[in-house]
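Here are my notes for a colleague who has not met this structure before. They are meant to be read with the sequence and the coordinates open alongside.

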Amino acid sequence: MRKRAGLLVPALAMVLSGVAGACGGGATTATGSGPQKGGMLRVVGSGDVDHLDPSSSYTVIAYNLGRTWTRQLVTYPAGGGISVAGEVVPDVAAALPKVSDDGKTYTFTLRPDVMWNTSPPRPIVAADFERGLKRLANPVQPSGGISYYTQTIDGFQEFFTAFQKQPKTAAGMAKFMNSTPIRGVQAVNPTTLRIQLTAPASDFLNIMALGFASAAPVEYEKYVPDGPDFRQNTISGGPYQITTYFAGRQIMLEHNPVWKQSSDPVRHRWVDRILVTLGQDSPDVVQQQLEAGVADLSWDQPVPTSAIPRLTGNPAYKVYEGSTLNPFLAFNMQSPNNNRALANVKVRQAINYVVNKAAIAQIYGGPKINSVLDGAIPPGSIGYDAAVRPYATPGGRGDVNRCKALLAEAGVTNLSLQFPYRTNGNHPKVAQSIAGDLTKCGITSQLIPTAPDDFYGRYLSSVQKSREGKWDIGAPGWIPDWYGNNARSIVVPLFDGRNYTEGSTNYGAYNDPAVNDLITRALTAPDAKAAEGLWRQTNARIMADAPIVPLTSQNVPIFHSERVRNTIYTPLTQQFDYTQLWLAS
Amino acid sequence: MSLTDAAFEAEPVHAEVVHGKGPWQLAWERLRRDKAAVISMAVIVLVALLALLAPLFALITGHDPLTQYPETALTPEGLPVGPGADFWLGADSLGRDLFVRLAYGARISLLVGLSATLLATVFGVVVGLLAGYYGGWVDGVLARVLDVVLSFPYLLVAIVLVAAVGASVALTIFVIAFFSFAAMARVVRGQTIGYREREFTEAVRSLGASPLRIMVIDVLPNLVAPVTVLASLLIPTSIVFEATLSFLGLGVDPRTPSWGAILADSTDFYRVAPGLLVFPAVLLLLTTLAFNLLGDGIRDALDPKR
């Protein structure tokens, strides 16, 4: 609902990973001194990125990392807080694109002097962005955000369908991409990219600002997307380049020698190097390292709940406002387990009643840090409706009797659910808390410990594993890209069943024609106000079907080492923008 | 203490002609005079009582070991309450009763410690007897198997197994037994080789006794002392190993009350709830120390010459 150049700007994003949700001002702890160059920013945490390839990266940690080495036509701004977080600014594009009168043609003009760190260096051109878009549809590791592009860009859906049938080799995919255009995407010349939409979409620029739409150099055609070879051979257009990548252990970023401040309107480069050290599974140890000054920022570990009372008032600690579904409980409606009990809406409603959401809030630090949710759309996002809370219980503490009654009505007994959970952060506690609630209603659950990097790829987002019933319930998190008019970044990815595919974030494969229809109407609504009413209806309809259990919306507490300065918070990644930070000497 | 062949050159039971007190009686009397061993036995009895009476404690407190009490056992910020009238030793980070969980945890620890030891002992004795008695290719094959087992990295194999099969108490017991039997088998094998050549075995062999009879009736009774000592030392090792696996989140279902898992939980909270760290740690320390000291005592009692 923010107007800008005749466009509305929403977008999506997401992410999963650790914890927490979003936003706040772009505050800084800087004192009087100006920016300082040099030093190594030391980031410590638990698990690796889900994907390093920007075409498939879909976690806050990968997204924040991508800010340092990938480039987009347009991007989100650094700082300014929640209110401007969705207002897209130019990046490789010299200015915001020209939009045709019918709202369907976008023409981007690129800066001529943004370079790849190839040897020899060469400019990033329109064809690189075209390639970046095409790669989203690859059959090996299709982008989790593919539906944003297939929904909007003319011919992308056909391209996607055809690409999915191609051989899953680097050579086969390169051949297909080079011989098959996307009808609506044209690299007119090296500095002009024209994109044709199927219908006006007020949030198109937000989609183009996502990491998915990053430029991809021709060298990437040699590798399977996000494969091991890709991960060792990333090419940078941003201020940093990845010089070391040890999967699950270490990521080192150093200066990209060909990057110029003059050709990058958003990023800066103050620190010399960024070292991400992985494998530290204890949030408390990470916190101790930050306080001792042997590390600067946490990668994916939350500020420990136990430390929050102690840290309140500390200048290096701040809570940033959020609007998230994090965590929520997803139902695998495709699961064959228990005679397909989870396909029964009464069973899902029963579980909605029994979960003690207040206890989940306590796990994450209590009511100051997060609040209980009863709807599919969190407050702060378009379509939020405080009146729609069909399964609300007093204090969010759960209601065992209603659960039992609904299960009896459904005629379901001896439910036993496969419940994978991530072994890092607060996830084990969330899983145990929910499992304890289910026990009260006579539902048993098998808790399956899962490496953080496997949770989505091997369970929730895997079509085959979902259909095999490898999981029944899971507690993922969802964080929209920005705030306000952002339903495309919440409702569409989580609840639109029309684009369910490998890597989908519609984990349970929810597919309701009425919801799908409402989504279409809301997305093409003439303005945000009209869209809002439709999104509210969508929210109500979804909650009636109960494809998820909304749990809490979390704010984001962040603690940093004493020497970190210019801490610009990025709502989209729930972290500080690495390209804005400097280190006090 | 080396439990090699030379350590147990005690008189073979067969040859013994003792009037009055038998060897076990003598050993018991020596053990009773060992203060450390007596205190250790008392500690073990107390831990066993804790485990046995766990359901009673659950009944008295009204707190099931699995039930979470987020409203009464946690502050609104989610911090566990300390020791008090309702929660005797305080609560864990999910609002479960720490004392009740520790009591149930004692069951897991003792169950795993004792069954893994029993399994390892039986298996180790059988393999050791076979290898030691038959020698030749049987010994060659079995001894190599033992070498392989002994050179396996414990934890790595455990982690892989848990990832492949899924965590369970039975798996934990199996893993511990698998890695412990080899040491037992080695000792038994060494002893058996010694006894195989002794005059009394030669004698029964010349009378036509079967190898099975010689192994079970003639050799095995002589091994009781070293096996008992070794087994009593295996128990604390198994308990610690189970705690290690649980601490790493590999042992049992995360909901199962296990000392190792409770310790793991404490890592995030020990600064605000020190009891979460101190109580299970002390319990684990006391239990393993007691078993170790008792093992030492048994060894000294059975083999006073040392």
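1. In chain B, 47% of the 306 residues are buried. The model is a predicted one, and the values below are computed from it. The C-alpha trace of chain B spans about 80 × 50 × 30 Å along its principal axes. Of the contacts in chain B between residues at least 6 apart in sequence, 73% join residues at least 24 apart.

2. The secondary structure of chain B consists of 11 helices and zero strands, so a reader following the chain from the N terminus meets the run α-α-α-α-α-α-α-α-α-α-α.

3. One helix pair of chain B can be followed in detail. Helix α9 (residues 211-247) of chain B packs against helix α11 (residues 275-302) of chain B at an angle of about 170 degrees, and their axes are 8 Å apart. Because angles over 145 degrees count as roughly antiparallel, α9(B) is described as roughly antiparallel to α11(B). On the side of α9(B) the contact includes Val229(B), Leu233(B), Ile235(B) and Ile239(B), and on the side of α11(B) the residues include Leu284(B), Phe291(B), Leu294(B) and Ile298(B). By class, the contact of α9(B) with α11(B) has 13 nonpolar, six polar and one charged residues.

4. Chain A has 19 helices and 28 strands. Buried residues account for 60% of its 585 residues, and its C-alpha atoms fill a box of roughly 70 × 55 × 45 Å along the principal axes. A compact globule of 585 residues would have a radius of gyration near 25 Å, and the 23 Å of chain A agrees with that. Among contacts in chain A between residues at least 6 apart in sequence, 76% join residues at least 24 apart.

5. What is the strand order of the open sheet of four strands in chain A? The order is β6-β7-β11-β10 (chain A), and the pairing is antiparallel. Strands β6 (98-99) and β10 of chain A stand at the edges with a single partner strand each, which means that one side of each is left without a neighbour in the sheet.

6. The pairings within this sheet can be checked one by one. Two bridges join β6(A) to β7(A), and the bridge partner of Val99(A) in β7(A) is Tyr106(A). Strand β7 (residues 105-109) of chain A is joined to β11(A) by five bridges, with Phe108(A) standing opposite Leu193(A). Four bridges link strand β10 (residues 185-189) of chain A to β11(A), where Val185(A) stands opposite Ile195(A). A hairpin connects β10(A) to β11(A) through two residues.

7. Which side chains of strand β11 (residues 192-196) of chain A are buried, and which are not? In a regular strand the side chains alternate between the two faces of the sheet. Along β11(A), Leu193(A) and Ile195(A) point to one face and are buried, whereas Thr192(A), Arg194(A) and Gln196(A) point to the other and are not. Helix α2 (residues 126-135) of chain A lies across β10 and β11 of chain A, and runs at about 165 degrees to β10(A).

8. Strand β17 (residues 328-331) of chain A has both of its faces covered, since Phe328(A) and Ala330(A) on one side and Leu329(A) and Phe331(A) on the other are all buried. Three bridges join β17(A) to strand β22 (residues 548-550) of chain A, in an antiparallel arrangement, and Ala330(A) has Ile548(A) as its bridge partner in β22(A). Two bridges join β17(A) to strand β21 (residues 473-474) of chain A, again antiparallel, with Phe331(A) opposite Ile473(A).

9. The last point concerns the contact between the chains, to which chain A gives 25 residues and chain B gives 21 residues. On the side of chain A that touches chain B, the elements that give two or more residues are α8 (283-292), α9 (308-311), α12 (357-363), α14 (427-440) and β20 (444-450) of chain A. The largest share of that side, six residues, comes from α14(A). By class, the side of chain A that touches chain B has 12 nonpolar, 11 polar and two charged residues.

How values were computed:
Residues are numbered from 1 along each chain as its sequence is written. Chains are lettered from A and ligands numbered from 1 in the order in which they are written. Two residues are in contact if their C-beta atoms, placed from the backbone, lie within 7 Å. Ala, Val, Leu, Ile, Met, Phe, Trp, Tyr, Cys and Pro count as nonpolar, Asp, Glu, Lys and Arg as charged, and the others, Gly among them, as polar. The radius of gyration is taken over C-alpha atoms; the globule rule is 2.2 Å times the number of residues to the power 0.38. A residue is buried if 20 or more other C-beta atoms lie within 10 Å of its own, exposed if 12 or fewer, and partly exposed in between; C-beta atoms are placed from the backbone. Two strands pair if DSSP finds at least two bridges between them. Axes are lines fitted to C-alpha atoms, for helices over the stretch in contact, and angles run from 0 to 180 degrees between N-to-C directions. Angles under 35 degrees count as roughly parallel, over 145 as roughly antiparallel, 65 to 115 as roughly perpendicular and the rest as oblique.
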